[in-house]
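I opened the notebook to look up a few things in this chain. Here is what I went through, entry by entry.

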Amino acid sequence: MVRVAVIDKDYCKPSKCNLECIRFCPVNRSKKKKAVDLAEDKSRAIIYEDNCVGCGICVKKCPFNAISIVNLPDELEKILIHRYGVNGFKLYGLPTPQLGSVLGVIGQNGAGKTTSIKILSGQLKPNMGRQDVEPGWDEIIRTFRGTELQAYLSKLASGTIRAVVKPQYIEAARRVLKGAVRDLLMKVDERGVLKEVVQALAMEKLLDKKVNELSGGELQKMLIAAVLLKQANAYFFDEPCSYLDIKERLRIARAIAEFTKPSENYVVIVEHDLMILDYITDNVVVIYGEPGVFGIASKPYSTKAGINHYLKGYLPAENMRIRDEEVKFKIIVKTDVKREATYPLISWDNIVFMYPSGFRLFVESGEVYSGEVVTICGPNGIGKTTFIKILSGELKPESGNIIIMPSSVSIKPQEVSPKIFSEETVAANLRAASQQALDPTSWLYVELVKRLKLNKLLERRVDELSGGELQKLAVAYTLAKEADLYFLDEPSAYLDVEERIAVARTIRRVVEEKGKAAIVVEHDLLLQTYVGDKVMVFWGEPAVEGKSTKPLDPSIGFNMLLKYLDITVRRDPETWRPRINKPGSVLEREQKAVGKYFAMDII
Ligand code: ADP
Ligand code: ADP
Ligand code: MG
């Protein structure tokens, strides 16, 4: 076994603790050897893995939860590709891109997906775990001799790979890129396909805007366009669906397939929206391990099998269980019997609303029952938030009454930032929201903190949290408040698949247990089918006019939505997850012929 001790540099603060890791370490106390010490510059602790006995005392004692220690099989060290410094994250193996097929990469946040892309694109030279002398390419290639990765790494070493990357974090681009979208794109149009790419991504109206005027989704599209315009032979997309609604996700998926020419080039996509990933990739690699500590790239699986294994939580080729529970997508059909046991919690007449700016909103009369989760997946600016404000009485419609108004509404806004929280730490905010104690047996702890894995973060300051951590806190914070109606606007943004599912389950449980209602804006269709009892379909023209149906049964609502998106979806017989039919396929033609855009049952 190899001992791996990882210290999170951001959280290890020897000046703010009592050096518990050093003082309580039994090896240190024996005075014969040292297993934990302060780094020379005293900025953080260092664990000597050779001396550490793996007792885990420092892990428990560290007040900042900054230490992780795991034991891994020796053979893994042979495929160690990179380690971020002493006591840093370790990445084993790499996803192998192949000509002729699009490779997808899935895995938890902190598993090493972005690191893999940085290595494969030549942005990061792998160190094979050596912190003293950098290994040469010869050695790296030799390590992977006899594998498909060898050919790729040889090309990378010889400089024959020309890679372009759509980075995961797009906001940094705003600081670097200045000027109008058109000028920036013209500059990178090495392939002379600007017009075609702009059309494929429906970016005509963005061309005259300046980069600093773009919304998150618009910036995302611009960066994807920039990658597609470049002449390269390896294209990498790190989380291209973030900030985009379902229609835009389909658009970029088609554009990537069309413009990257996978038959001639390498194409790799990291994405948590499994329905989109399923749609555009041929193979997938799962990076598993322990987030922030180590990651192991699996063998490539066909996309269908790989996603199913991932959802089932077991990788057969590796003989590795990656999750205890299986994720299944059951059809939720509230039976009439169940319906009788519940009652409408919110109800409204046909709503007509108008802002002075001219934006109009029409919503069909409807009701939401106690215990129900309603999903929405409309674009930005279509009136979703406006609708909630009308329901809560904050805005008055031109016509249409709110027949039963929720006594209170708890809202998670689309954009989460430390600013939406009033208290300094995670725990203090949760206590403030729930007005409850936060001991380990409390409802708050059991149902929200544990389920969303916030327990290790309780004492952290909100301005130290990552995007995903902040999102989970915002969801817990919103659900911790007492309310009739919970409105969660895009709770899956920044979250990985596991976290998305945990959030979906938490919302369901809270709503069912408390007999309250939730409206959830969700662009990940797989999640929508997982979390919702009903669907509201918003359509129209953003910023001009929005229209919505009442909450519909999924069989009707999804059918409308998919028809509008012009895709057909079937269920996978193993996991029941929804899968998009290939355009022009027999299944698509059959389903369209009978108007069954979503085959809810297994055919
Ligand atoms: P993913 O893309 O799967 O979310 P990353 O590859 O970005 O994961 O990161 C994997 C791990 O490596 C994380 O724990 C992260 O903290 C660590 N890491 C990433 N970049 C660096 C770096 N430059 N220095 C030290 N650690 C890093
Ligand atoms: P969504 O939640 O679907 O993104 P919103 O309901 O927030 O959409 O907004 C719908 C439209 O109404 C947008 O075009 C927005 O610019 C406009 N709008 C939102 N709030 C106001 C306001 N207070 N005054 C005028 N127009 C507004
Ligand atoms: Mg990443």
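**Entry 1: terms.** Before looking at how a helix packs, I fixed my terms: contact means heavy atoms within 4.5 Å, and angles run from 0 to 180 degrees between N-to-C directions. I also keep in mind that this is a predicted model.

**Entry 2: helix on strands.** With that settled, I looked up helix 19, residues 497–514. I found that helix 19 lies across strand 20 (373–376), strand 23 and strand 24, and that its direction makes about 160° with strand 24.

**Entry 3: the sheet.** Next I asked myself in what order the strands of the open sheet of five come. I read the order as 22-23-24-20-25, with parallel pairing. Strand 22 (409–412) and strand 25 (534–536) each have a single partner strand, so one side of each is left without a neighbour in the sheet. On average, neighbouring strands here are turned by 20° against each other, direction ignored. I then zoomed in on one pair: strand 23 (residues 485–489) and strand 24 (residues 517–521) run parallel and are joined by five bridges. In that pairing, leucine 488 faces valine 520 of strand 24.

**Entry 4: the metal.** Which protein atoms are donors of the magnesium ion, ligand 3? I found Thr114 (OG1) and Gln168 (OE1), at 2.0 to 2.1 Å from the ion. Threonine 114 sits in helix 4 (residues 113–120) and glutamine 168 in the loop between strand 8 (163–166) and helix 7 (171–176), so the pair ties together parts 54 residues apart in sequence. I checked accessibility too: threonine 114 is partly exposed at 24%, whereas glutamine 168 is buried at 17%, the cut-off for buried being under 20%.

**Entry 5: asparagine 127.** I followed the chain to the loop between helix 4 and helix 5 (137–143), where asparagine 127 is found. Is asparagine 127 buried or exposed? Its relative accessible area is 9%, so asparagine 127 counts as buried. Leaving aside neighbours within four places in sequence, I see asparagine 127 in contact with Ile81, His82, Arg83 and Pro135. A polar atom of the asparagine 127 side chain lies 2.7 Å from the backbone nitrogen of glycine 129. I also noted leucine 80: its C-alpha is 8.9 Å from that of asparagine 127, with their positions 47 residues apart in sequence.

**Entry 6: the whole chain.** Stepping back, I counted 22 helices and 29 strands. The radius of gyration is 25 Å, which agrees with a compact globule of 603 residues. The C-alpha trace spans about 80 × 60 × 50 Å along its principal axes, and buried residues make up 55% of the chain.

Technical notes
Residues numbered from 1 in each chain as written. Chains lettered and ligands numbered in written order. Predicted model: local features only at pLDDT ≥ 70, side-chain atom pairs only at ≥ 80, totals over all residues. Heavy atoms only, no water. Pairing = 2+ DSSP bridges. Helix = DSSP H or I, 4+ residues; strand = E, 2+ residues; numbered from the N terminus. Donors = N, O, S within 2.8 Å, 3.2 Å for Na, K, Ca; no water. Buried < 20%, exposed > 50% of the residue type's maximum accessible area, 1.4 Å probe, protein only. Polar contact = N/O pair within 3.5 Å; in protein donor to acceptor, adjacent residues only side chain to side chain. Rg over C-alpha atoms; globule rule 2.2 N^0.38 Å.
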